[in-house]
Amino acid sequence: MTVDDTRTEPQSRAGGGWISGLVLANLGLYMAFLTPIQVLLAEQIDDLTTSGKEVALGWATGVGALVAVVANPVAGALSDRTGGRFGRRHPWIVGGALVGAVGLVVTAAQTTVVGVALGWCLAQLGLNAMLAGTNAVVPDQVPVRQRAAVSGFIGIPQTLGLVLGVLLVSVVVTGIASGYLMLAGLVVLCAVPFVLLTRDPAVPGIPGSAVRLKDFWVSPRLHPDFGWAWLTRFLVQLGNAIGTLYLLYFLKDAVHYPDPDMGVLYLTLLYTGGVVVTAVAGGIVSDRLGKRKMMVSVCSMVMAVGSLLLTFWHTWPAAMGAAVLLGLGYGIYVAVDQALITQVLPAAEDRAKDLGVINVANSAPQVLGPALAAPIVAYAGGYAGLYLASTVVTMVGGVLVWRIRSVR
């Protein structure tokens with residue numbers, strides 16, 4: 001298998017200022033990504049339809065995720081080919097933030113489910129262009145021996161962004177539209193410092209060459225470790241998508257929690273606490289030991305146990321325990337698995353494109369997840385069946401990571 005030549009890998013450690021700027025950019029990005037999915041879209045669609053809210057939400061988020069499946073690798077490929085004085089990642093970070101903000105504003109103004117879905121598609125287009133840039137700067141500028149730790153730092157915003165976003169739209173502002181508008185402003189404001197205050201140095205690239213459809217196919221026969229990394233990411237994220245899509249409705253209809261919106265916030269706080277405890281620490285341990293696969297496998301099993309709790313107990317204490325376990329497991333996963341993936345990329349000059357292909361494994365479950373979750377809830381065991389499916393899929397992903405050979 002051909003992977004990045006060590007001569008093309010960065011050697012200087014990333015500094016605290018650079019990491020802080022990237023953390024802030026990711027914080028704005030994930031507030032804009034996750035808060036609508038967890039709260040705003042669910043509430044908006046609940047207001048717009050008198051029945052079938054689960055199907056409508058699944059359809060809207062699924063179509064948006066389908067846009068993400070295409071937008072992320074395409075933006076990554078174009079980023080790899082971008083040249084000029086502003087660098088090849090910075091333009092996509094700030095441009096994507098602006099387009100994503102416009103999409104959120106458009107979504108806020110919609111009065112039909114179809115309009116909500118179209119606005120969310122525009123937001124996904126911009127936010128995934130931004131994500132292509134923020135993901136690629138890590139292998140561009142962070143050495144392998146530091147990647148899990150840095151991935152841990154930038155993984156924290158993936159959950160902290162949701163906490164802050166839910167807190168802001170639930171407590172600070174009133175109304176669904178105000179929530180969207182606030183997120184639109186924050187995603188741009190958080191991106192600007194990183195773009196203005198950090199360098200985007202020249203790296204090996206192929207500026208000017210056309211983007212071809214065949215460029216997005218990474219042969220699992222020629223690059224088997226990349227293929228296994230993609231599949232394990234897909235399965236773990238599918239388990240996550242199945243288990244989290246209907247959290248608001250789960251608290252309302254199965255747990256009968258008196259204030260489901262605040263319940264989502266409390267569970268998210270517990271989940272985020274677990275992530276904060278393990279993300280950076282897990283990354284540092286992985287960097288020092290040089291071991292990725294064992295840690296990815298173990299933390300996947302921890303997440304599976306969290307889902308298993310909700311299979312058998314539809315109670316508030318069980319929900320809190322599951323949130324803690326899922327957070328502890330995901331904190332390690334988001335740091336170590338991302339570092340593992342950067343070590344199986346086929347070529348340095350195509351980093352953003354190949355990471356975009358990997359991100360299809362993040363986005364595709366958002367399409368497939370609703371298609372699986374809605375019929376499970378309706379016809380195959382309700383929420384017990386839903387969380388059992390999440391448990392099984394996550395466990396399979398944790399086992400298959402051992403098929404990767406080139407990374408310890």
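**Legends for views of a predicted all-helix chain**

The accessible surface of the chain comes to about 15,600 Å², and carbon and sulfur atoms account for 69% of that area. Accessible areas are from the Shrake-Rupley method with a 1.4 Å probe, and for residues only the protein chains shown count as cover. This is a predicted model, in which local features need pLDDT of at least 70 and side-chain atom pairs count only at pLDDT 80 or more, while totals for chains, interfaces and linings use all residues. Residues are numbered from 1 along each chain as its sequence is written, and side-chain values use heavy atoms, with hydrogens and water left out.

**View 1. The whole chain has 13 helices and zero strands.** Helices (H or I, at least four residues) and strands (E, at least two) are DSSP runs, numbered from the N terminus. The radius of gyration of the chain is 20 Å, close to the 22 Å that the globule rule gives for 408 residues, so the chain is as compact as a globular protein of that length. This radius is taken over C-alpha atoms, and the globule rule is 2.2 Å times the number of residues to the power 0.38. The C-alpha trace spans about 55 × 40 × 40 Å along its principal axes. Of the 408 residues, 59% count as buried; buried means under 20% relative accessible area, exposed over 50%, and partly exposed in between (1.4 Å probe, protein chains only).

**View 2. The start of the chain, residues 1-7, has pLDDT below 50.** The pLDDT is the predictor's confidence in each residue, from 0 to 100. Its mean over the chain is 89, and 96% of the residues reach 70 or more. Beyond near neighbours in sequence, residues 1-7 have 21 contacts in the model, where contact means heavy atoms within 4.5 Å.

**View 3. Trp18 belongs to the largest nonpolar core.** A nonpolar core is a set of buried Ala, Val, Leu, Ile, Met, Phe, Trp, Tyr and Cys residues joined through side-chain atoms within 4.5 Å. Of the 112 residues in this core, Trp18, Phe250 and Leu251 touch the most other members. Helix H1 (residues 16-48) gives the most to the core, with 16 residues. Leaving out residues up to four places away in sequence, Trp18 touches Val137, Val138, Gln141, Val142, Val150, Phe194 and Thr198.

**View 4. Tyr30 and Phe33 form a tilted aromatic pair.** Their rings are 6.0 Å apart centre to centre, with 40 degrees between the planes. Rings of Phe, Tyr and Trp (its six-membered ring) pair if their centres lie within 6.5 Å; planes under 30 degrees apart count as stacked, over 60 as edge-to-face and the rest as tilted. Both residues lie in helix H1, three residues apart, about one turn of the helix. Tyr30 is buried at 11% relative accessibility, and Phe33 is buried at 8%. The structure holds 10 aromatic pairs. Phe250, Tyr383 and Tyr387 form one aromatic cluster.

**View 5. Asn135 is buried in helix H4.** This helix covers residues 113-141. The relative accessible area of Asn135 is 12%. Apart from neighbours within four places in sequence, Asn135 is in contact with Gln338, Leu355 and Asn359.

**View 6. His256 has a positive phi of about 60 degrees although it is not a glycine.** Most residues other than glycine have a negative phi. His256 is placed in the loop between helix H8 (247-255) and helix H9 (260-289). His256 is exposed, with a relative accessible area of 59%.
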